[in-house]
Amino acid sequence: MDQIKTVCVYCGSGPGSSPRFVEAALALGKIFAENNIRLVYGGGSVGLMGAVAKGTLDHGGSVTGIIPDFLRSREHMLTKVQEMIVTPDMHERKRLMFEHSDAFVALPGGIGTLEELVEQMTWQQLGRHTKPVLLANIDGFWEPLISLLAHMRETAFIRPGLSIDVLKADTVEDILPRLRAAAARAPAGGKEMAPELAQKL
């Protein structure tokens, strides 16, 4: 795996408490557009989800939104994206987000963002994929999780043979270079998960 063509961004459906969160989402979308990276995201038009999509679209980039039917109204589905996939449930949404993406970035967000992020970390830990997973640590947002992961290592719940390689970027500008460097290091043929396997997870 040596190229990043699509990146899945997990992020909040709200704007958060700091204006830097929205600024980062807009800037990341702009970077994707300028580098011909397709954004894959949750399909909403509000919060950080809306901001990262807007940043991509406003600069001529391409966006795939994937949203479950029951969230179409709640998250105000964004209709102007190039591709919108409506799924019957959350499981199908997450499976398609995985299949459509070469890498994963977690901007600040809530429980849903954390759940999607941790699932990719778990699949990586179990050897189901080698796609890069990165924490966009805007204003130190992910520091509590980083500390928890360190605690898990110290207490031998993340142990040799079950290690995880989660990337971190403190600035938006560092995200794409770190994803590309990680993708270049990943073993060939190790990025894909068989669809039937993904359905079972």
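**View 1. The start of helix H3.** A polar contact is taken here as a pair of N or O atoms within 3.5 Å, where within protein one must be able to donate a hydrogen and the other to accept it, and residues adjacent in sequence count only if both atoms are side-chain atoms. At the start of H3, a side-chain oxygen of Asp89 comes to within 3.2 Å of the backbone nitrogen of His91. Helices (H or I, at least four residues) and strands (E, at least two) are DSSP runs, numbered from the N terminus. The model shown is predicted, with local features needing pLDDT of at least 70 and side-chain atom pairs counting only at pLDDT 80 or more, while totals for chains, interfaces and linings use all residues. Residues are numbered from 1 along each chain as its sequence is written, and side-chain values use heavy atoms, with hydrogens and water left out.

**View 2. Arg93 and its surroundings in helix H3.** Arg93 belongs to H3, which spans residues 90–99, and its relative accessibility of 4% places it among the buried residues (buried is under 20% relative accessible area, exposed over 50%, and partly exposed in between, with a 1.4 Å probe and protein chains only). When neighbours within four places in sequence are set aside, Arg93 is in contact (heavy atoms within 4.5 Å) with Gly42, Ile66, Ile67, Pro68, Leu71, Glu75, Thr87 and Glu116. The buried residues of H3 are Arg93, Lys94, Arg95, Leu96, Met97 and Phe98. Arg95 also takes part, together with Glu92 and Glu99, in a network of salt bridges (a salt bridge being a side-chain nitrogen of Lys or Arg within 4 Å of a carboxyl oxygen of Asp or Glu).

**View 3. Lys94 between two glutamates of helix H4.** The side chain of Lys94 forms a salt bridge with that of Glu115, at 2.5 Å from N to O; because Lys94 lies in H3 and Glu115 in H4 (residues 111–125), this pair ties together parts that are 21 residues apart in sequence. A salt bridge also joins Lys94 to Glu119, with an N to O distance of 3.4 Å, and this pair, with Glu119 in H4 and Lys94 in H3, ties together parts that are 25 residues apart in sequence. Lys94 is buried at 8% relative accessibility, and Glu119 is buried too, whereas Glu115 counts as partly exposed at 35%.

**View 4. The salt bridge of Arg20 and Asp139, one of 10 in the structure.** The side chains of Arg20 and Asp139 meet at 2.6 Å, N to O. Since Arg20 lies in helix H1 and Asp139 in the loop between S6 and helix H5 (143–154), the pair ties together parts that are 119 residues apart in sequence. Both ends are partly exposed, Arg20 with a relative accessible area of 37% and Asp139 with 46%. Asp139 is also a residue other than glycine with a positive phi, near 55 degrees.

**View 5. Strand S1 in the sheet.** Of the 5 residues of S1 (residues 6–10), 5 are buried, so this strand is largely enclosed by the rest of the structure. In a regular strand the side chains alternate between the two faces of the sheet. In S1 both faces are covered, with Thr6, Cys8 and Tyr10 buried on one side and Val7 and Val9 buried on the other. S1 runs parallel to strand S2 (residues 38–41), to which 3 bridges join it, and Cys8 has Val40 as its bridge partner there. The β-α-β crossover from S1 through helix H1 (residues 19–34) to S2 is right-handed, in the sense that, with the strands pointing away from the viewer, the path from the first strand over the helix to the second runs clockwise. S1 also pairs in the parallel sense with strand S5 (residues 103–106) over 4 bridges, where the partner of Cys8 is Phe104.

**View 6. The open sheet and helix H2.** The parallel sheet is built from 7 strands in the order S4-S3-S2-S1-S5-S6-S7, two strands being paired if DSSP finds at least two bridges between them. The edge strands, each pairing on one side only, are S4 (83–87) and S7 (166–169), and the twist averages 25 degrees from one strand to the next. S5 and S6 (residues 133–136) run parallel and are joined by 3 bridges, with Leu135 of S6 as the bridge partner of Ala106. Helix H2 (residues 47–57) lies across S1, S2 and S3 (63–68), running at about 165 degrees to S2 (axes are lines fitted to C-alpha atoms, for helices over the stretch in contact, and angles run from 0 to 180 degrees between N-to-C directions).
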